[in-house]
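Please walk through the model shown here, with attention to a pair of strands and one histidine.

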Amino acid sequence: MAKGKDARVRVILECTSCVRNGVNKQSTGISRYITQKNRHNTPSRLELRKFCPYCFKHTIHGEIKK
């Protein structure tokens, strides 16, 4: 079986406001989440509202390349 034809793929979501504004001086990094999506149902990039512990609020987390 070929591994490249699986419908479900693992994606990494990264906080867009941390990346855009640069990381605050107090924070230690950028918020990232790992999740799965169905490649056939969602061919475009995934964007979800998740909690960012560095911004201390819910922000949009967008899919990034591995």
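How many residues lie between β3 and β4 in their hairpin? There are four, and F56 in the turn has a positive phi of about 60°. This is a predicted model, in which local features need pLDDT of at least 70 and side-chain atom pairs count only at pLDDT 80 or more, while totals for chains, interfaces and linings use all residues. Residues are numbered from 1 along each chain as its sequence is written, and side-chain values use heavy atoms, with hydrogens and water left out.

Strand β3 covers residues 47-52 and strand β4 residues 57-64; strands are DSSP runs of E with at least two residues, numbered from the N terminus. The two run antiparallel and are joined by six bridges, where pairing of strands requires at least two DSSP bridges between them. Within this pairing, K50 has T59 in β4 as its bridge partner.

H61 belongs to β4. The residue counts as buried because its relative accessible area is 0%, the term meaning under 20% with a 1.4 Å probe and protein chains only. Among the residues that H61 touches are L13, S31, Y33, K50 and C52, not counting residues up to four places away in sequence; contact means heavy atoms within 4.5 Å. With S31, the H61 side chain makes a side-chain polar contact at 3.2 Å. A polar atom of the H61 side chain also lies 3.3 Å from the backbone oxygen of T59.

K50 has a further partner: its charged end sits over the ring of Y33, 4.7 Å from the ring centre. The criterion is NZ of Lys or CZ of Arg within 6 Å of the ring centre and within 35 degrees of the ring normal. A polar contact, as used for H61, is a pair of N or O atoms within 3.5 Å; within protein, one must be able to donate a hydrogen and the other to accept it, and residues adjacent in sequence count only if both atoms are side-chain atoms.

Conventions. Buried < 20%, exposed > 50% of the residue type's maximum accessible area, 1.4 Å probe, protein only.
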